[in-house]
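Me: I have a chain open on screen and want to talk it through. Can you help me read it?

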Amino acid sequence: MGINLTGGLAVFLVSGLGGIWLAGQATADGGVFTAAQAEAGRKAYQAQCASCHAGDLGGRDDAPALTGDAFMATWGARTTTELFDFVRTTMPPEGSSMTPDEYLAIVAHMLGQNGGKAGSSPLTATTGATINAVATGKRPPSALDVPMMARR
Ligand code: HEC
């Protein structure tokens, strides 16, 4: 409880960023995905994407990095919804039977690995947050393989 919208909004409106944040539907705590979503996404990413894009999202061969400056240059001005739609319709290239929720979780993991903060609201297909507004492209220092990842 105690979602302190007013204070945060006032700061963003005054700073001129209010429009971006409102359009992006960032929640009061600034997150557009939940930690649980990102954690589920990490597992799905490792199973479905890491073989080409590498476990640390660093890219490999002709599969580009999904974190860092190059990724932000390509995707920063686009929205989480555009990224979700792209990934859901084109990745992995050979197709998959993953559900939209699984793809949303993977996008949440990608945002987290680009410095995005988890919050109280899950990412949805219509979140539409500008990626520049919710991610930096910098991987969080300790986020690599954080939770007790049972070795398969
Ligand atoms: C078989 C290898 C392979 C797998 C598996 C794969 N990708 Fe890709 N991915 C590629 C290649 C190659 C490209 C670059 C060509 C293209 O865009 O189609 C790419 C491009 C992308 C891009 C665009 C990157 C940019 O800078 O524009 C994203 C985002 C992406 N992949 C995400 C994913 C996600 C998420 C998964 C898992 C659901 C995944 N990929 C699985 C090979 C793969």
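**Talking through the model**

Reply: Let's start with a caution. This is a predicted model. For residues 7-24 the pLDDT stays under 50. The model has 16 contacts beyond four places in sequence for that stretch.

Me: What about residues 148-152, how many contacts there beyond near neighbours in sequence?

Reply: Zero, and the pLDDT over residues 148-152 is below 50.

Me: And what is the mean pLDDT of the chain?

Reply: The mean is 84. Of the residues in the chain, 74% reach 70 or more.

Me: OK, next topic. How many helices and strands does the chain have?

Reply: Eight helices and zero strands. Along the sequence the pattern reads α-α-α-α-α-α-α-α.

Me: What share of the chain is buried?

Reply: Buried residues are 29% of the 152 residues.

Me: And among contacts with a separation of 6 or more, what share is between residues 24 or more positions apart?

Reply: Those make up 70% of such contacts.

Me: Let's pick a helix. How many residues of α7 are buried?

Reply: Ten of its 13 residues are buried, so α7 is largely enclosed by the rest of the structure. The buried ones are Y103, L104, A105, I106, V107, A108, H109, M110, L111 and G112.

Me: What covers them?

Reply: The cover for the buried residues of α7 includes α3, α6 and α8 (131-134).

Me: How does the span of α7 compare with what 1.5 Å a residue should give?

Reply: The 13 residues should span 18 Å. The end C-alpha atoms are 18 Å apart, so the two agree.

Me: Now α3. Which of its residues are buried?

Reply: Q37, A38, G41, R42, A44 and Y45 are buried in α3. Their cover includes α4 and α7 (100-112).

Me: Any pattern behind that spacing?

Reply: Here is a general point. An α-helix has 3.6 residues a turn, so residues three or four places apart point the same way.

Me: And the span of α3? What should it be?

Reply: Helix α3 covers residues 35-48, and its 14 residues should span 20 Å. The end C-alpha atoms are 20 Å apart, which agrees.

Me: Which residues touch the most other members in the largest nonpolar core?

Reply: F33, L104, I106, V107, A108 and L111 do, out of 26 residues in that core. The elements giving two or more residues to this core are α3, α5, α6, α7 and α8. Helix α7 gives the most, with eight residues.

Me: Is there a general trend behind such cores, and what is it?

Reply: In soluble globular proteins, nonpolar side chains tend to be buried together.

Me: Zoom in on I106. What does it touch, leaving out residues up to four places away in sequence?

Reply: I106 touches G41, A44, Y45, C49 and V87.

Me: Now the ligand. Which residues come nearest?

Reply: C49, C52, A63, M91 and P92, out of 18 residues around the ligand. Twelve residues of the shell are nonpolar, five are polar and one is charged. The helices α4 (50-53), α5 (69-75) and α6 (80-90) each supply at least two residues of this shell.

Me: What kind of peptide bond joins M91 and P92, cis or trans?

Reply: It is a cis bond, with omega about -15°. P92 is in the loop between α6 and α7.

Me: What is usual for phi and peptide bonds?

Reply: Most residues other than glycine have a negative phi, and most peptide bonds are trans.

Me: And L57, is its phi positive or negative?

Reply: Positive, about 65°, although L57 is not a glycine. L57 is in the loop between α4 and α5. D61 is in the loop between α4 and α5 too, and its phi is positive, near 50°.

Me: Are those two buried or exposed?

Reply: L57 is buried, because 21 other C-beta atoms lie within 10 Å. D61 has 8 other C-beta atoms within 10 Å, so D61 is exposed.

Me: Last one. Where is A125, and what does it contact beyond four places in sequence?

Reply: A125 is in the loop between α7 and α8. Its contacts there are T81, F84, P100 and L104. A125 and F84 are 41 residues apart along the chain, with their C-alpha atoms separated by 7.0 Å.

How values were computed:
Residues are numbered from 1 along each chain as its sequence is written. This is a predicted model: local features need pLDDT of at least 70, side-chain atom pairs count only at pLDDT 80 or more; totals for chains, interfaces and linings use all residues. A residue is near a molecule or strand if its C-beta atom, placed from the backbone, lies within 6 Å of it. Ala, Val, Leu, Ile, Met, Phe, Trp, Tyr, Cys and Pro count as nonpolar, Asp, Glu, Lys and Arg as charged, and the others, Gly among them, as polar. The expected span of a helix is 1.5 Å times one less than its number of residues. A residue is buried if 20 or more other C-beta atoms lie within 10 Å of its own, exposed if 12 or fewer, and partly exposed in between; C-beta atoms are placed from the backbone. Two residues are in contact if their C-beta atoms, placed from the backbone, lie within 7 Å. A nonpolar core is a set of buried Ala, Val, Leu, Ile, Met, Phe, Trp, Tyr and Cys residues joined through C-beta atoms within 7 Å. pLDDT is the predictor's confidence in each residue, from 0 to 100.
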